[in-house]
Amino acid sequence: MQQQQGTPDFESGDQNSREERESSRLAFDIALYTVARFGLLAVLAGVLVLFRVPLLVALAVAVVVAMPLSLVIFSGLRRRVAAGMAERSRVRRQRKEQLRAQLRETADSSPVERDPEEPESDRREE
């Protein structure tokens, strides 16, 4: 469906607001997942420090333990983030294809006129 310039497109407005909501939801999920992983790291390091493990050693052990543990504990949130990122990628790919199609359509509908007296060798260089 083509539209003229200056004409509002209510469907794309609804789609844009939905995409903005999904984008803000994805940002929230990413932030939540990041905070959860850092929180797990802090809790593990804190527990180790309570057992009189030096802080740097506790942080190193906590990083190694928290990485696989967070994959298990926060698997639902991780899947939600991955699904949101995949959806965003799909939408961006669709927009890119639509833009390319519009550009092809514009280029096909208004071809550049060439001077018939221009030598053939000059045309190949462009």
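Which residues does Val53 touch, not counting residues up to four places away in sequence? I began my notes with this point, working from a predicted model. I find that Val53 touches Leu48 and Ala58 once residues up to four places away are set aside.

**Entry 1. The loop between helix 1 and helix 2**

I located Val53 in the loop between helix 1 and helix 2. I looked up its accessibility and noted a relative value of 24%. Buried requires a value under 20% and exposed a value over 50%, so Val53 counts as partly exposed.

I then turned to Arg52, which lies in the loop between helix 1 and helix 2. Its relative accessible area is 79%, and I therefore recorded Arg52 as exposed. I also checked the backbone and found phi of Arg52 near 65°, a positive value in a residue other than glycine. I noted this value because most residues other than glycine have a negative phi.

**Entry 2. The chain as a whole**

I next recorded the secondary structure, which comes to four helices and zero strands. Along the sequence I read the pattern α-α-α-α. The chain has 126 residues, and I noted that buried residues make up 14% of them. For the accessible surface I wrote down about 10,500 Å², with 59% of it belonging to carbon and sulfur atoms. I also looked at contacts between residues at least 6 apart in sequence, and 59% of these join residues at least 24 apart.

**Entry 3. The largest nonpolar core**

Which residues make up the largest nonpolar core? I listed ten in all: Tyr33, Ala36, Leu40, Leu41, Ala45, Ala62, Ala66, Phe74, Leu77 and Val81. Helix 1, helix 2 (55–73) and helix 3 are the elements that give two or more residues to this core. Helix 1 gives the most, with five residues.

I followed Ala45 further, as one of the core residues. Ala45 is placed in helix 1. Its relative accessibility is 5%, and Ala45 therefore counts as buried. Not counting residues up to four places away in sequence, I found that Ala45 touches Ala58, Leu59 and Ala62. Of these partners I checked Leu59 by distance: Ala45 and Leu59 are 14 residues apart in sequence and 5.3 Å apart in space, C-alpha to C-alpha.

**Entry 4. Asp29 and Leu77**

Is Asp29 buried or exposed? I placed Asp29 in helix 1 and read a relative accessibility of 3%, so Asp29 counts as buried. With residues up to four places away left out, Asp29 touches Leu77, Arg80 and Val81. Two of these partners, Leu77 and Val81, I had already listed in the largest nonpolar core.

I then looked from the side of Leu77. Leaving aside its neighbours within four places in sequence, Leu77 is in contact with Asp29, Leu32 and Tyr33.

**Entry 5. Arg78**

I placed Arg78 in helix 3. At 30% relative accessibility, which is not under 20% and not over 50%, Arg78 counts as partly exposed. Apart from neighbours within four places in sequence, Arg78 is in contact with Tyr33 and Leu71. I also took the separation from Thr34, which lies 44 residues away along the chain, and noted 9.9 Å between the C-alpha atoms.

**Entry 6. The second largest pocket**

Which residues line the second largest pocket? I recorded Glu19, Glu20, Glu22, Ser23, Leu26, Gly84, Glu87, Arg88, Val91, Arg92 and Arg95. About 250 Å³ of space lies in this pocket. Sorting the lining by kind, I noted two nonpolar, two polar and seven charged residues. Glu19 and Arg95 are among the lining residues.

I then asked which helices supply at least two residues of this lining. They are helix 1 (10–50) and helix 3 (75–109). Helix 3 gives the most to the lining, with six residues. In the largest nonpolar core, by comparison, I had noted helix 1 as the element that gives the most.

How values were computed
Residues numbered from 1 in each chain as written. Predicted model: local features only at pLDDT ≥ 70, side-chain atom pairs only at ≥ 80, totals over all residues. Heavy atoms only, no water. 1 Å grid on protein atoms, 1.4 Å probe; cavity = no way out; pocket = protein on both sides within 12 Å on 5 of 7 lines; lining within 4 Å. Points joined across faces, edges and corners; volume = space filled by probe spheres on them. Nonpolar A, V, L, I, M, F, W, Y, C, P; charged D, E, K, R; others polar. Buried < 20%, exposed > 50% of the residue type's maximum accessible area, 1.4 Å probe, protein only. Contact = heavy atoms within 4.5 Å. Areas by Shrake-Rupley, 256 points an atom, 1.4 Å probe, with all protein chains shown as cover. Core = buried A, V, L, I, M, F, W, Y, C linked by side-chain atoms within 4.5 Å.
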